[in-house]
Amino acid sequence: MTVQVGIIGTGWFSKVHAEILTNMEGVKLQAVCGTSQEKAAALAAEFNIPTSFDNVKDMLDAGKLDAVYILVPPMSHGDMELQLIERGIPFFIEKPIGLDVATPNQILNEIRKKSLITSVGYHFRYTEPIQHMLQQLKDQEIGMITGQWMGSMPQVAWWRDQARSGGQFIEQTTHLVDVLRYCIGEIDEVYAAFASRSMHKQYEGVTVADVGAVTLKFKNGAVANVSNTCILPDGINKVGLTVFTQAGTMDWDMERLEIVEVSGKSEVKKTLDAYKLENEAFIHAVRTGDTSRILSNYEDGLKTQQVTYAALESANSGLPVKL
Ligand SMILES: NC(=O)c1ccc[n+]([C@@H]2O[C@H](COP(=O)([O-])OP(=O)(O)OC[C@H]3O[C@@H](n4cnc5c(N)ncnc54)[C@H](O)[C@@H]3O)[C@@H](O)[C@H]2O)c1
């Protein structure tokens, strides 16, 4: 069976997924939809996609799609997911799944009624270092974790606008929170301090905080500090997690995991393309109904969103938020 796929969104990440899907056997990119016909037609031309649209309804009315990729910024979620669910079309959705938790909760309710196949783009779960960390931590008493997503401000206009992106912790640092939920366990309390230090003085229209420190309490008793900033110059960044256990430390930095124990050091490098793996897992599920290779579905993605949104609520109120 050839899986007929539609794409919503025509930005940078649509190109990343379109490239992977174009090269996947048994997949046909059939339609693309953007905020304008011009942008949709440009992506269609680049990837040899036969049809292009300026709204989701027209794309779905035009012909049968077996699956749709939702690759749009946080503020655009809601109506498009509901249209797909109504028509029973499985979807892959990039993180974060929304600006808040109200719309995602409504979407999850509808997904449940149809038992629809979904996948969320938390791609780090698919990498060897994270899989290794997950297995190693099963036998260990976890003490605490420190983490950081320190980098520069992405230059797309919506990212700097709190009302459109949700801010760095929801938009970007969500990846770290998701890895923590996957490897350490569920989080039940969040306390955050955010501040605006310099980006709003440097650029027009910056309403997102540019530094933040978040404390997370896990149900199993472990605690974590996860910090983020977007004030660094382009090209300078520090992203990763360190887990502290009685056995020693585990340092993860997106490319590799380094384990330091009394007996010595060991390392697990990332060699596989996680974006390709998450796409293959989703397409396999659509083709066969077997969802076992999907490592984060919508319901799971919503649990990560609940934590990142709680951090924003806590930063706004100055109080810890219980989940
Ligand atoms: N998993 C990852 O590693 C990763 C990496 C990059 C981006 N992302 C995520 O992918 C999403 C998109 O990011 P991007 O870098 O492509 O952004 P972008 O700004 O380059 O592109 C966003 C696109 O969405 C389109 N769009 C917005 N609202 C729409 C609507 N209602 N209907 C149709 N199209 C709409 C815009 O026209 C634009 O083309 C974001 O949520 C981002 O966080 C994930």
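**Questions about the ligand and the fold**

User: What makes the pair formed by G11 and the ligand a polar contact?

Analyst: In this predicted model, a backbone N or O atom of G11 sits 3.1 Å from an oxygen atom of the ligand. The cut-off is 3.5 Å for a pair of N or O atoms, so this pair counts.

User: And which atoms of K39 and E94 lie at what distance from the ligand?

Analyst: For K39, a polar side-chain atom is 2.9 Å from a ligand oxygen. For E94, a polar side-chain atom is 3.0 Å from a ligand nitrogen. Both pairs are within 3.5 Å, so they pass too. On its own the ligand would expose 840 Å², and the protein buries 85% of that.

User: Which residues are closest to the ligand, and how many surround it?

Analyst: The count is 25 residues, with T10, S76, W158, E171 and Y275 the closest. To be in that shell, a residue needs a heavy atom within 4 Å of the ligand. Sorted by class, the shell has 12 nonpolar, 9 polar and 4 charged residues.

User: Why say that the ligand lies between domain 1 and domain 2?

Analyst: Because both of them give residues to its shell. Domain 1 covers 3-123 + 275-295, and domain 2 covers 124-272 + 306-322.

User: What does UniProt list for residues 4-122 and residues 142-248?

Analyst: The unreviewed entry has "Gfo/Idh/MocA-like oxidoreductase N-terminal" as a domain at residues 4-122. That span is 42% helix and 21% strand, with its end C-alpha atoms 23 Å apart. The entry, again unreviewed, puts the domain "GFO/IDH/MocA-like oxidoreductase" at residues 142-248. There the chain is 21% helix and 39% strand, and the end C-alpha atoms are 10 Å apart.

User: How do you know that the radius of gyration agrees with a compact globule?

Analyst: A compact globule of 323 residues would come out near 20 Å, and the protein chain has 20 Å, so the two agree. The C-alpha trace spans about 60 × 45 × 40 Å along its principal axes, and the chain holds 12 helices and 15 strands.

User: What is the peptide bond from K95 to P96, cis or trans?

Analyst: That bond is cis, with omega near -15°. You'll find P96 in the loop between β5 (91-93) and α5 (102-114).

User: What makes S115 worth pointing out?

Analyst: S115 isn't a glycine, yet its phi is positive, about 45°. Most residues other than glycine have a negative phi. S115 is in the loop between α5 and β6 (118-120).

Methods
Residues numbered from 1 in each chain as written. Predicted model: local features only at pLDDT ≥ 70, side-chain atom pairs only at ≥ 80, totals over all residues. Heavy atoms only, no water. UniProt positions renumbered as here; feature names shortened; annotations may be inferred. Helix = DSSP H or I, 4+ residues; strand = E, 2+ residues; numbered from the N terminus. Polar contact = N/O pair within 3.5 Å; in protein donor to acceptor, adjacent residues only side chain to side chain. Areas by Shrake-Rupley, 256 points an atom, 1.4 Å probe, with all protein chains shown as cover. Nonpolar A, V, L, I, M, F, W, Y, C, P; charged D, E, K, R; others polar. Domains from an automatic or database assignment. Rg over C-alpha atoms; globule rule 2.2 N^0.38 Å.
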